Amino acid sequence: MKRIRFFVSVLMCAAFVFSLTATGFAAADGDITLAFNEDGRFKIAVFADCQDVYPANGAMLAFMGDVLDEEQPDLVVFLGDNTVAGQANDSIAELIAPVDSRGVPFTFVFGNHDTQDSDVSPERTKANHLAQYRKSAYCMAYNVDDSLHGYANHNLVVMSSDGTKPAFDLFFLDSGMYSVCPEGSCYDCVHADQIAWFNEASDEVDAEAGGAVPALAFQHIIPKQIYDAIYPAAPYSDSSAFKRFADGTCFSLVPTASKYRGFVNELPCPSYYDYGEWDAFSARGNVLGVVTGHDHVNNFTATYKGVDFIQTSAMTFHSYGNNIVRGARIIELDEKDPWNYSTYNVTVRELAVKDKELASMIDDSFIYPFLNFIMKFYAVFDKITHLF
Ligand SMILES: [Fe+2]
């Protein structure tokens, strides 16, 4: 009897080890295919501006884990300014650990701070960062073309649930770091060669699918068209009291509330320049929205020329932010209705109500036990009212 038990135990252990290695080999071989699930859904979690040093803030990592457990995304996108310090190798390993340990496919774009404090050129630093991310078997990022502006420009196709054709396209663009503008230094943006590549890549995917495939674009810095979209034109253009751009447009500094949904807690910081990205997306008609970070306390959606702004607030506890908007953005795609999407923000405040350990790691933690009590009280009250 003991021998039979031993034999069964050995078989079970072997099966367990095989199941682990089978998954690992599949991923390590780059054999990850993104596809709509059997129920026709595909969920993306966006982590913007994690912007941390080494060692990373424990609350941010705990929150990241909670988002992954709560939302069960099919893909995670790190939206730039993922790390900020010279110890990038350790920072990146820490940053991706919650995703890697759960076996969730992920990708990333670069922000303006990622190569900060590096002794070598931004290009070499970015190449080194990509290599660090790709140590995880679940990293899907790659650099499509060395000659393009920026680094790690790439696209990922989400296949139909039956695996027969491309059903959705995801573009990841490096919006650069800094540029020279009349006021001195300003932020950079997506350049014309990247836009040309976007069109070529879209052509290829459309040809494979036999028709236009909807898409989302992900980049760190918001395009200047956010001002055209939600800010009134300034009465005159020769004052520094207004926001001015290279194309001659000039805007007042208070957004029109009816033109966006969510929070605009700071002035958006796009580039002074524009190389036609928004017009290209609008003209082609396949890009539903552009997902951006960079402005830590802004979290909103707005529409301009048929393309949506999907602005995502920061995850960071290291840099500025607040617990009203600090969180992750979730984007849900539906295979039956691929030309529409839904999106919402999961805040650290919401998850701290459910996770006492996370609450204890947050500065204003005293409020979360109170909120937890209120929610429990409400749940009991709700049950009682349903009795009648
Ligand atoms: Fe940034």
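**Group meeting: a walk through the model**

Let me start with contacts. If you take the contacts in the protein chain between residues at least 6 apart in sequence, 70% of them join residues at least 24 apart. Keep in mind that what we have here is a predicted model.

Now the inventory. The protein chain has 10 helices and 16 strands. As for burial, 40% of its 388 residues are buried.

Okay, first stop: strand E1, residues 41-47. Five of the seven residues in E1 are buried, so this strand is mostly covered. Who are the partners? On the antiparallel side of things, E1 pairs with strand E15, residues 327-334, over six bridges. If you want a spot to look at, find Ile44, whose bridge partner in E15 is Ile331. E1 also pairs with strand E2, residues 75-78, and here the strands run parallel, with four bridges between them. For that pairing, look at Phe47, which stands opposite Phe78 in E2. As general background, strands of a sheet pair through backbone hydrogen bonds, either parallel or antiparallel.

There's a helix to add to that. Helix H2, residues 58-71, goes together with E1 and E2 to make a β-α-β unit, and that unit is right-handed.

Let's pause on the loop between E1 and H2, because Gln51 lies there, and Pro55 does too. The peptide bond from Tyr54 to Pro55 is cis, with omega near 0 degrees. Gln51 isn't a glycine, yet its phi is positive, at about 40 degrees. Is Gln51 buried or exposed? Well, Gln51 has 30 C-beta neighbours inside 10 Å, so it counts as buried.

Compare that with Lys305, over in the loop between strand E13, residues 298-304, and E14. Lys305 is another non-glycine with a positive phi, about 50 degrees in this case. But Lys305 is exposed, because it has 12 other C-beta atoms within 10 Å.

Since I've mentioned E13 and E14, on to their sheet. This is an open sheet of seven strands with mixed pairing, and the order is E4-E5-E8-E12-E14-E13-E11. At the edges sit strand E4, 154-159, and strand E11, 261-264, each pairing on one side only. On average, neighbouring strands in this sheet are turned by 25 degrees against each other, ignoring direction.

Within that order, take E8 and E12. They run parallel and are joined by four bridges. Ala217 stands opposite Val290 in E12.

What lies across E4, strand E5 and E8? That's helix H5, and H5 runs at about 170 degrees to E5, residues 166-172.

Last stop: helix H7, residues 277-284. Which residues are buried in H7? Glu277, Trp278 and Phe281 are. These three cover an arc of only 100 degrees around the axis, so they end up on the same side of H7. And what do the buried residues of H7 pack against? There are five elements: helix H5 (192-209), strand E8 (215-218), helix H6 (225-230), strand E12 (287-292) and strand E14 (307-311). That brings us back to the sheet, as E8, E12 and E14 are among its strands. One more detail before I hand over: just after H7, Gly285 takes a positive phi of about 85 degrees.

Definitions and conventions
Residues are numbered from 1 along each chain as its sequence is written. This is a predicted model: local features need pLDDT of at least 70, side-chain atom pairs count only at pLDDT 80 or more; totals for chains, interfaces and linings use all residues. A residue is buried if 20 or more other C-beta atoms lie within 10 Å of its own, exposed if 12 or fewer, and partly exposed in between; C-beta atoms are placed from the backbone. Helices (H or I, at least four residues) and strands (E, at least two) are DSSP runs, numbered from the N terminus. Two strands pair if DSSP finds at least two bridges between them. A crossover is right-handed if, with the strands pointing away from the viewer, the path from the first strand over the helix to the second runs clockwise. Two residues are in contact if their C-beta atoms, placed from the backbone, lie within 7 Å. The arc is that of the directions from the helix axis to the C-beta atoms. Axes are lines fitted to C-alpha atoms, for helices over the stretch in contact, and angles run from 0 to 180 degrees between N-to-C directions.
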